[in-house]
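Me: I would like a close look at a single part of this protein. Please pick one helix and walk me through its surroundings. Keep it brisk.

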Amino acid sequence: MRHYDRHTHHFHAHDDAQHIEPCDRRGHGGEGRKRRARFFGHGELRVVLLDILTRGASHGYELIKEIETLTGGHYTPSPGVIYPTLDFLEEHGYIAFSDDEAGRKKIAITADGEAWLDHNREHVEHIRARMTARAIGHELRKNPDLKRALDNMKAVLDLRVNQSEIDAQTLKHIVGVIDRAALEIAQL
């Protein structure tokens with residue numbers, strides 16, 4: 001087992017052995033446990049952290065809270081995710097650590113980090129837009145009428161498509177109904 005040292009910002013081996021259930025090829029644990037989908041794609045947390053740091057130096061806990069705020073409370077990265085990512089950014093010269101007056105680690109973006117972020121500005125904007133849309137989507141799905149309608153659509157599709165044989169013409173008709181509904185919603 002690895003242990004994270006928040007003072008040195010590194011993981012260290014720990015003597016306690018811990019049993020880890022094997023995962024299937026989709027990353028799901030044993031006994032039917034489903035792994036939660038990642039909120040950010042590969043490398044996107046790095047981009048988000050650098051973007052946050054352009055608004056001022058920060059501490060790890062503040063970065064965690066800022067990400068929670070940016071995602072509308074739908075994702076709170078753990079220290080075990082944040083600090084290795086910060087280590088990666090430091091190793092690449094994109095951020096620097098220093099001690100503040102209270103002896104805590106203060107994190108600031110470097111000139112190289114700002115240059116990299118500027119070079120990837122389009123990607124930054126895409127991630128911001130997706131975070132906003134996802135937070136809005138989470139809020140909308142809390143609406144009981146919308147939730148009922150979505151659940152109703154899923155149930156009907158499951159009954160018609162997954163639990164009985166369906167001919168090509170009926171499938172084509174179902175696809176047309178869904179496409180028309182999507183178009184009508186998009187035009188609202």
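Reply: What follows is a close look at helix α1, with its setting before and after.

First, the frame. The model is predicted. The protein chain holds 7 helices and 4 strands. Along the sequence they come in the order β-β-α-α-α-β-β-α-α-α-α. Of the chain's 188 residues, 25% count as buried. Take the contacts between residues at least 6 apart in sequence: 46% of them join residues at least 24 apart.

Now α1 itself. The helix is mostly covered, with 9 of its 10 residues buried. The buried residues are Glu 44, Leu 45, Val 47, Val 48, Leu 49, Leu 50, Asp 51, Ile 52 and Leu 53. Two acidic residues, Glu 44 and Asp 51, are on that list.

Start with Glu 44. This residue lies in α1, which spans residues 44-53. Is Glu 44 buried or exposed? Its relative accessibility is 8%, so Glu 44 counts as buried, the cut-off being under 20%. What does its side chain meet? The side chain of Glu 44 makes a polar contact with the side chain of Arg 130, at 2.5 Å. Setting aside residues up to four places away in sequence, Glu 44 touches His 123, Ile 127 and Arg 130. Helix α5 covers residues 121-140, and these three partners have numbers in that range.

Asp 51 gives a second link across the sequence. Asp 51 and Asp 118 sit 67 residues apart in sequence, yet their C-alpha atoms are 9.7 Å apart in space. Asp 118 belongs to helix α4, residues 111-119. Asp 118 is exposed because its relative accessible area is 53%, and exposed means over 50%. Asp 51, by contrast, is buried.

Next, the helix neighbours. Two packed helices are described by the angle between their axes and the distance between the axes. Take α3 as one partner. α1 and α3 pack at about 80 degrees, and their axes are 10 Å apart. That angle makes α1 roughly perpendicular to α3, because 65 to 115 degrees counts as such. On the α1 side, Leu 45, Arg 46, Leu 49 and Leu 50 make the contact. On the α3 side, Val 81, Ile 82, Thr 85, Leu 86, Phe 88 and Leu 89 meet them.

One α3 residue in that contact deserves a stop. Val 81 lies in α3. At 33% relative accessibility, Val 81 counts as partly exposed. Beyond residues up to four places away in sequence, Val 81 touches Leu 45 and Tyr 75. Val 81 and Ile 64 are 17 residues apart in sequence, with 9.7 Å between their C-alpha atoms.

Now the other partner, α2. The axes of α1 and α2 come within 11 Å and cross at roughly 105 degrees. Here too α1 is roughly perpendicular to its partner, α2. Leu 45, Val 48, Leu 49, Ile 52 and Leu 53 of α1 make this contact. From α2 come Leu 63, Glu 66, Ile 67 and Leu 70.

Leu 45 and Leu 49 take part in both of these helix contacts. Leu 49 shows it well. Leaving aside neighbours within four places in sequence, Leu 49 is in contact with Leu 63, Ile 67, Ile 82, Thr 85, Leu 86 and Leu 89. Among these, Leu 63 and Ile 67 belong to the α2 side, while Ile 82, Thr 85, Leu 86 and Leu 89 belong to the α3 side.

That leads to the core. In soluble globular proteins, nonpolar side chains tend to be buried together. Here the largest nonpolar core has 26 residues. Phe 40, Leu 49, Ile 67, Leu 86 and Ile 95 touch the most other members. α1, α2 (60-70), α3 (79-91), β3, β4 and α5 each supply at least two residues. Which element gives the largest share of this core? α1 does, with 7 residues.

The two strands in that group form a unit of their own. β3 (residues 95-99) and β4 (residues 105-109) run antiparallel and are joined by 5 bridges. They form a hairpin with 5 residues between them. In the turn, Gly 103 has a positive phi of about 85 degrees. Phe 97 stands opposite Ile 107 of β4, and Ser 98 stands opposite Lys 106 of β4.

To sum up α1: the helix is mostly covered, packs roughly perpendicular to α3 and to α2, and gives the core its largest share.

Conventions
Residues are numbered from 1 along each chain as its sequence is written. This is a predicted model: local features need pLDDT of at least 70, side-chain atom pairs count only at pLDDT 80 or more; totals for chains, interfaces and linings use all residues. Side-chain values use heavy atoms; hydrogens and water are left out. Two strands pair if DSSP finds at least two bridges between them. Buried means under 20% relative accessible area, exposed over 50%, partly exposed in between (1.4 Å probe, protein chains only). A polar contact is a pair of N or O atoms within 3.5 Å; within protein, one must be able to donate a hydrogen and the other to accept it, and residues adjacent in sequence count only if both atoms are side-chain atoms. Contact means heavy atoms within 4.5 Å. A nonpolar core is a set of buried Ala, Val, Leu, Ile, Met, Phe, Trp, Tyr and Cys residues joined through side-chain atoms within 4.5 Å. Axes are lines fitted to C-alpha atoms, for helices over the stretch in contact, and angles run from 0 to 180 degrees between N-to-C directions. Angles under 35 degrees count as roughly parallel, over 145 as roughly antiparallel, 65 to 115 as roughly perpendicular and the rest as oblique.
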